[in-house]
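The questions below go through one structure step by step, from its nucleic acid surfaces to its cores and sheets. Each answer reasons briefly and closes on the name or value that was asked for.

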Protein chains: 2
Amino acid sequence: MNVMLPLYAQVKDHILGNIKSGTWAAGSRVPSENELVESFGISRMTANRALRELAGDGYLARVPGVGTFVKEQAARTSMMELRNIAEEIEARGHKHSSRLITREKVTATQALTDEFEWKTPKPLFHLVVVHEENGLPVQLEYRWVNPQIAADFLIQNFTRQTPTAYLMNTVPVDELEHSVEAIMPDATQQKLLGITAHEPCLALQRRSWSKDQVVTVATLVYPASRYALHSRYKTNAQGKPL
Amino acid sequence: MNVMLPLYAQVKDHILGNIKSGTWAAGSRVPSENELVESFGISRMTANRALRELAGDGYLARVPGVGTFVKEQAARTSMMELRNIAEEIEARGHKHSSRLITREKVTATQALTDEFEWKTPKPLFHLVVVHEENGLPVQLEYRWVNPQIAADFLIQNFTRQTPTAYLMNTVPVDELEHSVEAIMPDATQQKLLGITAHEPCLALQRRSWSKDQVVTVATLVYPASRYALHSRYKTNAQGKPL
DNA sequence: CCCCTTATACTGTATATACAACCTTATACA
DNA sequence: TGTATAAGGTTGTATATACAGTATAAGGGG
């Protein structure tokens, strides 16, 4: 059952674990390549690969002749990121409610198999939820969840806690991907959102990873008249987010 | 003058050049590690590093036992980064071109005065540009620029350098704001983008600040069928992106 | 005291080698 | 004909070794 990770990945996990747990604070020094060679009993090239890849991912900064250090990771706060809609609505002083449309266990289609980065189709939890702000539908949520990571996902009561909130509290998220497009709603979506066929919608697709495995894929459909996505943040000298 | 690049970087450049120039189309096979060993006279580990890093960057897909292939680059743009569309298109190995529709000096409307955080209306530079990917319109850019910060903006030749590129090189950006909504195009937009009245569009509004002053306001309209906005990033050390 | 040299530690790159896992194709066999 | 096997090419990982470049600290000589 337990898949043996490659050595360099084990070293990466070890270092990343110490960073995320806060044991190694930002700016502090991580073991040098030769120290990792000693403690893990590996070759220097393997230690080099672990440190080099973590540096490429932005977790570490390497300085020739000096050492390797934990990088400062400013929180990139924005509404485009992982935020659950219930909090957003309540932050506006409005009332959030939700209607559970579908809750089932399905087998992944080919497209979903690709999304989850699997080679073969596997079982998936599937959920369809309509979120309402003061009784008016504002978001249609299609969600698929990897059962291997969130095994008890389907037995949750999602009228009290949104799927996003449950996943955020249960699984640590390493990586997020968002994709936004404009779509015209189909008949089912029109009915569930209470809109006409002529109203365009935003379709926000979100994938989240934990330890290089896709945890969940969600498609969030917003009627254009009722919602706009928004973000604002500071940047560094290169024009990239901090 | 010439800085000698490391061997693995030279190999990466060679492969990337063939992708961007379109010599190697999406789906086509790139040389195997052993073939690179032969043609470049390098060791297999060096070839491996070049291919592995390009795969990590999303340019290549590697299949054990089969080979390495040029990946399809989806027509998507990053909403988190301040990146100019010309680079994005060229990174996909396609050709970027642009048509300047309007170039003028105007006085800010009340709405624009608010956007620029001014108390009274002031002069503004205004530009309308259509960006094309392989000759097909993919973005309609409405841009307003603060003349106090970029005084020589209007005399630039924007067929060689995009407005975004010019501003990125001229003014350091401290802060960015994005807002996305779904719209139906009006008659003018339909004509400029070459789309029908029934195709929804993404309208991305962007404001950027430098030293607490608004530098530029831009509205970027993307036909839904040709573009999706995209972002992917690692979360912070605490795994709590918000 | 200051400057130069030297030693040491660390990262960056490159090679040669090895073995495993995977896939395709050709071949031998029933 | 159909199937099992073998061979060869491909990626993935791991090691041992080597040399270059950079930064820091220690020591020696003016």
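Helices, of at least four residues, and strands, of at least two, are DSSP runs numbered from the N terminus. The model is predicted.

Q: Which elements each supply at least two residues of the surface near DNA strand C?
A: There are 22 residues around DNA strand C, and the closest are A:Ser32, B:Pro6, B:Leu7, B:Met45 and B:Gly65. By class, this surface has nine nonpolar, nine polar and four charged residues. Both chains contribute elements with two or more residues each, namely helix H2 (33-40), H3 and E3 of chain A and helix H1 (7-20) and H3 of chain B.

Q: Which residues come nearest to DNA strand D?
A: Around DNA strand D, two or more residues apiece come from helix H1 (7-20) and helix H3 (44-56) of chain A, and from helix H2 (33-40), helix H3 (44-56) and strand E3 (67-70) of chain B. The residues of this surface divide into nine nonpolar, nine polar and four charged. Among the 22 residues around the strand, those that come nearest are A:Pro6, A:Leu7, A:Met45, A:Gly65 and B:Gly65.

Q: Is B:Arg44 buried or exposed?
A: B:Arg44 belongs to helix H3 of chain B, and beyond its neighbours within four places in sequence it contacts B:Glu33, B:Asn34 and B:Val37. Its C-alpha atom is separated by 6.4 Å from that of B:Asn34, ten residues apart along the chain. A residue counts as exposed if 12 or fewer other C-beta atoms lie within 10 Å of its own. B:Arg44 has 12 such neighbours, so the residue is exposed.

Q: Which residues touch the most other members of the largest nonpolar core?
A: One residue of this core, A:Leu202, is in contact with A:Val180, A:Ala182, A:Tyr222, A:Ala224, A:Tyr227 and A:Leu229, and also with B:Val180, B:Glu181 and B:Ala182, its neighbours within four places in sequence being left aside. Of the 31 residues in the core, the ones that touch the most other members are A:Val180, A:Leu202 and B:Leu202.

Q: How many residues are in the other core, which includes B:Leu127 and B:Val214?
A: In soluble globular proteins, nonpolar side chains tend to be buried together. Apart from the largest core lies this other one, with B:Val171 and B:Leu176 also among its members, and its size is 17 residues.

Q: How many of the eleven residues of strand E10 of chain B are buried?
A: Strand E7 (residues 136-145) of chain B pairs with E10(B) in the antiparallel sense over six bridges, and in that pairing B:Arg143 stands opposite B:Ala218. Strand E9 (residues 201-210) of chain B is also antiparallel to E10(B), with ten bridges, one of which pairs B:Ala203 with B:Val221. The strand, residues 213-223, is mostly covered, and the number of its residues that are buried is eight.

Q: Which residue in the turn between E9(B) and E10(B) has a positive phi?
A: The two strands form a hairpin with two residues between them. The phi in question is about 55°, and the residue is B:Lys211.

Q: Why is one side of strand E1 and of strand E2 of chain A left without a neighbour in the sheet?
A: The open sheet has three strands in the order E1-E3-E2, paired antiparallel, and E2(A) joins strand E3 (residues 67-70) over four bridges. H3(A) lies across E2 and E3, at about 120° to E2(A). Strand E1 (29-30) and strand E2 (60-63) are left with one side free because they stand at the edges, each with a single partner strand.

Technical notes:
Residues numbered from 1 in each chain as written. Chains lettered and ligands numbered in written order. Predicted model: local features only at pLDDT ≥ 70, side-chain atom pairs only at ≥ 80, totals over all residues. Near = placed C-beta within 6 Å. Nonpolar A, V, L, I, M, F, W, Y, C, P; charged D, E, K, R; others polar. Core = buried A, V, L, I, M, F, W, Y, C linked by C-beta atoms within 7 Å. Buried ≥ 20, exposed ≤ 12 C-beta atoms within 10 Å, placed from the backbone. Contact = placed C-beta atoms within 7 Å. Pairing = 2+ DSSP bridges. Axes fitted to C-alpha atoms, helices over the stretch in contact; angles between N-to-C directions.
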